[in-house]
Amino acid sequence: MSSLTIRLPDDLKRQLEELSAQEHRPAGDLVRESLRRYIATARLEALRRMSVPLAQRQGFITDEDVFEAIS
């Protein structure tokens, strides 16, 4: 496993320490989990940006259009 040093504003560091204490989990675990979620969300958003134009060309404009097609 690699390490990474980051700088945090004092208030964010305090909030992280408080959450760590409340959840009885190391701050590093919370940061890793948060980063994993952020990366997963960013990847999903990138896929959505790529797929929306293709879906629109196929006539899928709204979520309801997709629901109707698969129902």
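The points below comment on a predicted model, taking the overall fold before its charges, its salt bridges and some single residues.

1. Overall make-up. The protein contains three helices and zero strands, and its elements, read from the N terminus on, follow the order α-α-α. The radius of gyration is 20 Å, whereas the globule rule gives 11 Å for 71 residues, so the protein is more spread out than a compact globule. Taken along the principal axes, the box filled by the C-alpha atoms is roughly 50 × 25 × 25 Å.

2. Burial and surface. Of the 71 residues in the protein, buried ones make up 4%, a share that rests on a cut-off of under 20% relative accessible area for the word buried. The area that the protein exposes is about 6700 Å², and 57% of this comes from carbon and sulfur atoms.

3. Nonpolar patch. On the surface, L4, I6, L8 and L12 make a nonpolar patch of about 380 Å². One of these residues, L8, belongs to the segment before helix 1, the helix that spans 10-23. L8 has a relative accessible area of 31% and is therefore partly exposed, given that this class takes in the values between the buried limit of 20% and the exposed limit of 50%.

4. Charge balance. The protein carries 11 positive and 12 negative side chains, and a distance of 9 Å separates the centres of the two sets. Side chains of opposite charge can pair when their charged atoms come close. A search of the whole structure for such contacts finds six salt bridges, and the next points take up some of them.

5. The K13 and E17 pair. K13 and E17 are joined through their side chains by a salt bridge, with an N to O distance of 2.3 Å. Both residues sit in helix 1, where four residues, or about one turn of the helix, lie between the one position and the other. K13 counts as partly exposed because its relative accessibility is 38%, and E17, with a relative accessible area of 42%, is likewise partly exposed.

6. The R14 and E18 pair. A salt bridge also connects R14 with E18, and here the closest N and O atoms are 3.1 Å apart. As members of helix 1, E18 and R14 are four residues apart, which corresponds to about one turn of the helix. The relative accessibility is 39% for E18, which therefore counts as partly exposed, and 41% for R14, which is also put in the partly exposed class.

7. The network around E23. E23 forms a salt bridge with R25, in which the closest N and O atoms stand 3.5 Å apart; for the purposes of this note, a separation within 4 Å is what qualifies such a contact as a salt bridge. This pair is part of a network of salt bridges that links E23, R25, E33 and R37. With a relative accessible area of 37%, E23 is partly exposed, and R25, whose relative accessible area is 29%, is partly exposed too.

8. E17 and A27. Besides its salt bridge with K13, E17 of helix 1 has a further relation along the chain that a reader may wish to inspect. E17 and A27 are 10 residues apart along the chain, and their C-alpha atoms are separated by 6.5 Å.

9. H24 in the loop. Which residue other than glycine has a positive phi, near 55 degrees? This is H24, a residue in the loop between helix 1 and helix 2, the latter running over 27-57. H24 has a relative accessible area of 73% and is therefore exposed, since the exposed class begins over 50%.

10. H24 and V66. The C-alpha atoms of H24 and V66 are separated by 43 Å, with the two positions 42 residues apart along the chain. This distance can be read beside the box of roughly 50 × 25 × 25 Å that the C-alpha atoms of the protein fill, and beside the radius of gyration of 20 Å, which is well over the value of the globule rule.

Technical notes: Residues numbered from 1 in each chain as written. Predicted model: local features only at pLDDT ≥ 70, side-chain atom pairs only at ≥ 80, totals over all residues. Heavy atoms only, no water. Patch = residues over 30% accessible without salt bridge, like charges linked within 9 Å, V, L, I, M, F, W, Y side chains within 5 Å. Areas by Shrake-Rupley, 256 points an atom, 1.4 Å probe, with all protein chains shown as cover. Helix = DSSP H or I, 4+ residues; strand = E, 2+ residues; numbered from the N terminus. Buried < 20%, exposed > 50% of the residue type's maximum accessible area, 1.4 Å probe, protein only. Rg over C-alpha atoms; globule rule 2.2 N^0.38 Å. Lys, Arg positive; Asp, Glu negative; His and termini not counted. Charge placed at Lys NZ, Arg CZ, Asp CG, Glu CD.
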